[in-house]
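Colleague: Got a minute to go through this one with me? I'd like to ask my way around the model and have you talk me through the answers.

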Amino acid sequence: MPELPEVETVRRGLAPAMEGSIIERLELRRQDLRFPLPENFADASQGKRIVSLGRRAKYLLIDLDDDMTIISHLGMSGSFRVEEEAASRTPGGFALPRSKDGKHDHVLFHLRTPQGWSRVVYNDPRRFGFMHLWKRSQLDAYPPFVGLGPEPTGNLLDADYLARRLGGRTQPLKGALLDQSVVAGLGNIYVCEALWRAHLSPLRKSGSLVTPTGGPKKQLLLLTEAIRAVIADAIAAGGSSLRDHIQTDGSLGYFQHSFSVYDREGEACRTPGCNGTVSRIIQAGRSSFYCASCQK
DNA sequence: ATAGCGACCTGAGTGC
DNA sequence: TGCACTCAGGTCGCTA
């Protein structure tokens with residue numbers, strides 16, 4: 001489920017509840033997520049203050065006050081929710097409504113906040129997510145971060161960079177953009193959306209967007225801007241839905257965005273002036289949605 | 001080196 | 001109402 005914009009929205013939603021709080025207790029109900037939880041997870045976390053929440057690609061970073069960082073990946077079905085406790089309650093007095101889906105609540109952060117007490121709960125039905133502990137000063141050496149491409153929101157992603165990475169590559173654009181070493185944080189949905197905005201087919205050979213001298217063709221400039229814009233728009237949409245979403249059920253992690261092509265098989269293409277229909281094809285075992293009329 | 005595919009796990013949706 | 005089947009936003013590791 002969560003691609004970069006969803007993880008960023010989760011980060012922004014959790015920050016007010018977690019930053020500055022102390023992890024009074026870490027309750028581990030299931031250890032067997034995609035990878036086993038760290039052996040010393042509870043001991044290394046309890047009593048520590050959370051100094052800030054960060055993000056790299058689709059990874060949420062919970063920075064503790066002793067140079068350790070909890071790295072959390074939501075996999076396909078992971079989500080967090082915040083349960084606030086009134087300031088007047090005592091530590092042992094939790095009387096919050098039990099989650100309707102408690103059987104998939106795997107990690108519970110019992111927090112002491114400046115205002116009182118709260119719980120932050122990690123829920124993950126499919127258990128494709130995981131959490132690791134890593135020294136913050138050595139985060140660049142965390143194996144999944146080695147070789148990770150630039151953030152699509154940052155300055156390192158530009159058409160010249162993509163030309164260097166895509167030049168000579170015969171792989172279809174769809175696969176190249178899903179490659180986290182090319183751009184970090186794109187997933188199936190936003191690759192489909194970016195290609196639609198750039199009027200490029202997911203089947204197009206990656207190298208065809210690069211000139212013989214290795215520079216970006218105009219279409220690659222458009223693709224670069226489309227990637228940046230689709231991510232920025234999705235983050236903005238998540239941010240604007242954040243407050244309402246928390247108010248309804250306290251959960252963070254999945255927002256029903258409206259997409260232009262994703263999951264719209266058989267519907268009319270939304271490109272102005274295009275009368276095509278959205279198709280679904282399978283590439284490398286994953287669905288690609290695109291309009292064959294305006295995406296070439 | 002690159003590309004394709006199954007595996008990991010559970011739940012939601014569909015059609016009979 | 002139940003059952004069988006398909007599909008899912010991510011990533012890893014194995015093949016050719």
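Colleague: Which residues does Glu 27 touch, not counting residues up to four places away in sequence?

Modeller: Keep in mind that this is a predicted model. Glu 27 is found in strand S1, residues 22-28. Leaving out residues up to four places away in sequence, Glu 27 touches His 106, Val 107, Leu 108 and His 110.

Colleague: Does Glu 27 count as buried or exposed?

Modeller: The cut-off for buried is under 20% relative accessible area. Glu 27 has 19% relative accessibility, so the label is buried.

Colleague: What joins the side chains of Glu 27 and Arg 29?

Modeller: We've just put Glu 27 at 19% relative accessibility. Its side chain and that of Arg 29 are joined by a polar contact of 2.9 Å.

Colleague: How many bridges join S1 to S6?

Modeller: S6 covers residues 105-112 and is mostly covered, with seven of its eight residues buried. In the pairing with S1, Arg 25 stands opposite His 110 of S6. S1 and S6 run antiparallel, and the number of bridges is six.

Colleague: And which residue of S7 does His 110 stand opposite?

Modeller: S6 and S7 form a hairpin, with four residues between them. They pair in the antiparallel sense over seven bridges. In S7, the residue opposite His 110 is Arg 119.

Colleague: On to the DNA. Which residues are around DNA strand B?

Modeller: By kind, the residues of the surface near DNA strand B divide into two nonpolar, three polar and four charged. On the DNA side, 63% of the strand B atoms within 4 Å of the protein belong to sugar or phosphate, and the rest to bases. The residues around the strand are Arg 34, Lys 103, His 104, Pro 125, Arg 126, Arg 127, Phe 128, Thr 170 and Gln 171.

Colleague: What kind of oxygen of DNA strand B does a polar side-chain atom of Arg 126 lie 2.9 Å from?

Modeller: Take two other residues for context. Arg 127 has a polar side-chain atom 2.7 Å from a phosphate oxygen of DNA strand B, and a polar backbone atom of Gln 171 is 2.8 Å from a phosphate oxygen of that strand. For Arg 126, the atom at 2.9 Å is a base oxygen.

Colleague: What is the phi of Arg 127 near?

Modeller: Arg 127 sits in the loop between strand S7 (117-123) and S8, and at 27% relative accessibility it counts as partly exposed. Most residues other than glycine have a negative phi. Arg 127 has a positive value, near 55 degrees.

Colleague: Where does Asp 263 lie?

Modeller: Asp 263 is another non-glycine residue with a positive phi, of about 60 degrees. It is exposed, with a relative accessible area of 58%. Its place is the loop between strand S9 (251-252) and strand S10 (278-283).

Colleague: Now the open sheet of four strands: which strands stand at the edges?

Modeller: The order is S2-S3-S4-S8, with antiparallel pairing. Each edge strand has a single partner, so one side of each is left without a neighbour in the sheet; these are S2 (50-56) and S8 (130-135).

Colleague: What does the twist average from one strand to the next?

Modeller: This is for the sheet with the order S2-S3-S4-S8. From each strand to the next, the twist averages 25 degrees.

Colleague: Which helix packs on that sheet?

Modeller: S2 and strand S3 (residues 59-64) run antiparallel and are joined by six bridges, with Gly 54 standing opposite Leu 61 in S3. The helix touches S2 and S3, and its direction makes about 175 degrees with that of S2; it is H1, residues 4-18.

Colleague: How many of the ten residues of H5 are buried?

Modeller: H5 spans residues 188-197 and is mostly covered. Among its buried residues are Ile 189, Tyr 190 and Trp 196. The count is nine.

Colleague: Last one: what percentage of the 296 residues in chain A do buried residues make up?

Modeller: Chain A has six helices and eleven strands. Across its 296 residues, the buried share is 53%.

Note on methods
Residues numbered from 1 in each chain as written. Chains lettered and ligands numbered in written order. Predicted model: local features only at pLDDT ≥ 70, side-chain atom pairs only at ≥ 80, totals over all residues. Heavy atoms only, no water. Near = heavy atom within 4 Å. Polar contact = N/O pair within 3.5 Å; in protein donor to acceptor, adjacent residues only side chain to side chain. Nonpolar A, V, L, I, M, F, W, Y, C, P; charged D, E, K, R; others polar. Pairing = 2+ DSSP bridges. Helix = DSSP H or I, 4+ residues; strand = E, 2+ residues; numbered from the N terminus. Axes fitted to C-alpha atoms, helices over the stretch in contact; angles between N-to-C directions. Contact = heavy atoms within 4.5 Å. Buried < 20%, exposed > 50% of the residue type's maximum accessible area, 1.4 Å probe, protein only.
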